[in-house]
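Reader: I am new to looking at protein models, and I would like to learn how to read one step by step. Could you take me through a few features?

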Amino acid sequence: MATVLCVLYPDPVTGYPPEYARTGLPLLTSYPTDRSMPAPTGPLGFTPGELLGSVSGELGLRNYLEGLGHQLIVTSDKDGPESEFERMLPKADIVISQPFWPAYLTRERIAKASKLKLAITAGIGSDHIDLKAASEAGITVAEVTGSNCISVAEHVVMTVLALVRNYLPSHAISVDGGWNIADCVSRSYDVEGMDFGTIGAGRIGLAVLRRLKPFDMRLHYTQRHRLSTEIEAELNLTFHPDVKSLVQSVDIVNLQVPLYPSTEHLIDEAMLAEMKRGVYIINTARAKLVDRDAIVRAVEAGHIAGYAGDVWYPQPAPPDHPWRSMFYNGMTPHIAGTSLSAQARYAAGTLEILQDYFEKKPIREDYLIVEAGGLAGTGARSYQLT
Ligand code: NAD
């Protein structure tokens with residue numbers, strides 16, 4: 001019997017289940033690339049469209065796991081040595097966590113998790129796990145690659161328009177009973193004709209570029225692996241060999257690379273100084289890719305026209321985190337990849353990973369981040385251990 005320790009975000013303050021705005025979800029049969037959707041066998045254990053990512057949703061896993069005689073522990077209590085997560089960790093064979101409410105698996109915690117064999121990220125982005133420590137401990141790390149890429153790409157497009165067109169302050173003026181058009185528009189521009197650049201054009205970054213193409217912007221990217229000439233031609237992309245060259249050329253910078261030791265503070269004071277005055281920065285990748293306080297200073301100095309995204313450090317962000325009150329911010333809590341639509345896909349992918357694990361079948365290569373003591377699958381293509 002295995003113990004599965006699952007950390008999920010708290011239920012809605014109004015109780016569970018919430019009153020849903022719609023019934024069901026559109027049926028998707030494939031991802032935009034040639035990759036196939038999660039394909040667990042047997043009953044799903046949930047109805048697509050339900051809130052699955054909070055504690056009572058249990059990712060729909062209870063019947064499946066208990067049907068096999070395994071124990072499922074679900075908690076949102078994840079931080080500090082007295083948390084349920086840390087207390088239960090020594091018993092856990094499998095840990096499941098979501099980036100939105102990450103159960104940080106540090107080297108110290110991994111040392112306490114003597115039975116742990118598999119750490120699943122229900123979503124994308126496994127930087128909340130010390131991947132080097134996990135590989136040294138022989139733990140497999142897997143995530144549901146592809147599951148929420150379009151959810152995040154849609155969030156980025158929304159955010160580009162919200163920042164550049166000054167949507168959020170204008171909406172607040174309308175809610176507050178005001179009508180000063182000049183106050184609304186004195187920071188409002190069209191995106192048409194602007195230069196947009198993404199640092200990282202993997203599954204999400206490329207989906208963002210595709211979605212922005214009809215807005216008649218000039219599109220730029222830089223990343224470790226250059227895209228095919230067909231894709232570059234289709235989207236009329238300008239490739240930059242490095243981050244500095246990209247940020248010097250664009251009006252909007254989008255971050256879409258994973259966080260690992262050498263991408264931490266990729267955007268620091270010096271890199272911000274290379275950007276045009278009035279740049280907009282969108283970060284739905286990970287907060288530690290940027291220097292938090294350098295961003296605040298650059299916004300206050302009028303160098304950055306707007307900063308938005310949904311990723312913070314730590315998560316949940318403390319009430320006094322400076323980005324909460326920073327001018328011209330379009331921040332949300334970490335939500336881009338956990339729409340009800342995304343949850344149905346990453347819950348199904350989590351079930352697929354568990355089924356493969358318990359049936360001793362190989363986990364889909366695309367889902368692997370760490371296996372057999374080193375980076376594997378998507379991990380080998382997108383991460384580094386240093
Ligand atoms: P991906 O693996 O498809 O793409 C990442 C790309 O980054 C790869 O193509 C890789 O070549 C490139 N890359 C890695 N290191 C680089 C470097 N130093 N310089 C340039 N390029 C580099 O991943 P994805 O699905 O597009 O997701 C990207 C990231 O987005 C995730 O790692 C995660 O942190 C974040 N994410 C956030 C949310 C959210 O809800 N906000 C949801 C999903 C993913």
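Author: We will go from the domains to two single residues, keeping in mind that this is a predicted model.

Reader: Into which domains is the protein chain divided?

Author: A domain assignment splits a chain into parts, and a part may be made of separate stretches of sequence, as here, where domain 1 takes in 3-147 + 338-376 while domain 2 covers 149-331. The C-alpha centres of the two domains lie 28 Å apart, and across the boundary 19 residues of domain 1 are in contact with 10 residues of domain 2.

Reader: Is His334 buried or exposed?

Author: Relative accessibility is the value to look at, and a residue under 20% is called buried. His334 counts as buried because its relative accessibility is 10%. In the chain, His334 sits in the loop that runs between strand 12 (329-331) and helix 14 (340-358).

Reader: Which residues does His334 touch?

Author: Leaving out residues up to four places away in sequence, His334 touches Pro99, Phe100, Arg286, Asp310, Val311, Trp312 and Gln315. With one of these, Gln315, the side chain of His334 also makes a polar contact of 2.9 Å.

Reader: Which residues make the nonpolar surface patch?

Author: Trp179, Ile181 and Val185 make this patch, which has an area of about 390 Å². Val185 belongs to helix 7 (residues 181-185), and its relative accessible area of 45% is why Val185 is described as partly exposed, since that class lies between the limits of 20% and 50%.

Methods:
Residues are numbered from 1 along each chain as its sequence is written. This is a predicted model: local features need pLDDT of at least 70, side-chain atom pairs count only at pLDDT 80 or more; totals for chains, interfaces and linings use all residues. Side-chain values use heavy atoms; hydrogens and water are left out. Patches are made of residues with over 30% relative accessible area and no salt bridge: like charges are joined within 9 Å, nonpolar side chains (Val, Leu, Ile, Met, Phe, Trp, Tyr) within 5 Å. Accessible areas come from the Shrake-Rupley method with a 1.4 Å probe; for residues, only the protein chains shown count as cover. A salt bridge is a side-chain nitrogen of Lys or Arg within 4 Å of a carboxyl oxygen of Asp or Glu. Helices (H or I, at least four residues) and strands (E, at least two) are DSSP runs, numbered from the N terminus. Buried means under 20% relative accessible area, exposed over 50%, partly exposed in between (1.4 Å probe, protein chains only). A polar contact is a pair of N or O atoms within 3.5 Å; within protein, one must be able to donate a hydrogen and the other to accept it, and residues adjacent in sequence count only if both atoms are side-chain atoms. Contact means heavy atoms within 4.5 Å. Domain bounds come from an automatic or database domain assignment.
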